[in-house]
Amino acid sequence: MNSFEDMIRRRRSCRSYTDKLVAEETIRGLINQAVWVPSGSNNQPWRFVVITDKFLMKRYSDAAKNNWLSKLDESPHMQQYEEFMKDPEYNIFYHAPVLIIIYGNTNSFWHVYDCSMVAYNLLLLAEQSGLGACWIGFAHNIFASEETKTEFGVPRDYELVAPVIIGQPAKSGLSLEVSRKPFVTNFFDREK
Ligand SMILES: Cc1cc2nc3c(=O)[nH]c(=O)nc-3n(C[C@H](O)[C@H](O)[C@H](O)COP(=O)(O)O)c2cc1C
């Protein structure tokens, strides 16, 4: 079965990749498909940075880890990951061959929602193409910084929304088994 519903259920965050490169044409194809999302006032407020240089990714991984460690007190959501951040072997990009960073235009009110939908489309399109993908929030500090944005040539009025890694999954079934927590749905039915 390969229905759309199956694909939604099958997609898992991938945290282990082979060294197999992903062709630039494939990366461009994924991005070109992913932008077919709705956007507020149809502003389409996204732009992308693509990194396929593993040494550069390692540099950003180390910089992100050091940065989180230096401000753990002000970043309570990161305290549970302290051991990962201290582990020299831990690469926040899991040695994936491709990193696509989505920036949103802050002049467009809904840019975070719009760009998040593009990010999710990338995750689904990767799944559909037999690739693995994962949103890397751990990279937020480093890619949101003005210094890194300047390195990338990203204008000041663009804000980081989503760093997404993509690559050939190393092993199927390696991703963590995850379930969904119970949640509340309040229905207000029309009169019967
Ligand atoms: C905003 C956001 C940030 C995330 N950041 C990370 C991250 O830095 N590292 C990581 O391994 N996974 C990250 N994830 C993946 C989540 O851990 C994952 O989606 C969650 O555990 C559910 O698993 P699933 O994607 O396999 O359904 C992130 C996901 C989202 C949506």
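1. Start with serine 61. This residue sits in helix 3, which covers residues 54–70. Keep in mind that the model is predicted.

2. Is serine 61 buried or exposed? It counts as buried, because it has 22 C-beta neighbours inside 10 Å, and the cut-off for buried is 20 or more.

3. Which residues does serine 61 touch, leaving out those up to four places away in sequence? They are Asn91, Ile92 and Phe93. Now compare a position in strand 2. Glycine 104 is 43 residues from serine 61 along the chain. The C-alpha atoms of serine 61 and glycine 104 are separated by 22 Å.

4. Next, the sheet. It is open and has 4 strands. Their order is 1-2-4-3, and the pairing is antiparallel. Strand 1 (46–51) and strand 3 (132–135) are at the edges. Each has a single partner strand, so one side of each lacks a neighbour in the sheet. On average, neighbouring strands are turned by 25° against each other, direction ignored.

5. Look at one pairing in detail. Strand 2 (residues 98–105) and strand 4 (residues 158–167) run antiparallel, joined by 8 bridges. One residue to find is isoleucine 102: its bridge partner in strand 4 is alanine 162. As a general point, strands of a sheet pair through backbone hydrogen bonds.

6. Finally, what packs on the sheet? Helix 5 (residues 111–128) does, touching strand 1, strand 2, strand 3 and strand 4. The direction of helix 5 makes about 5° with that of strand 4.

Technical notes
Residues numbered from 1 in each chain as written. Predicted model: local features only at pLDDT ≥ 70, side-chain atom pairs only at ≥ 80, totals over all residues. Pairing = 2+ DSSP bridges. Helix = DSSP H or I, 4+ residues; strand = E, 2+ residues; numbered from the N terminus. Axes fitted to C-alpha atoms, helices over the stretch in contact; angles between N-to-C directions. Contact = placed C-beta atoms within 7 Å. Buried ≥ 20, exposed ≤ 12 C-beta atoms within 10 Å, placed from the backbone.
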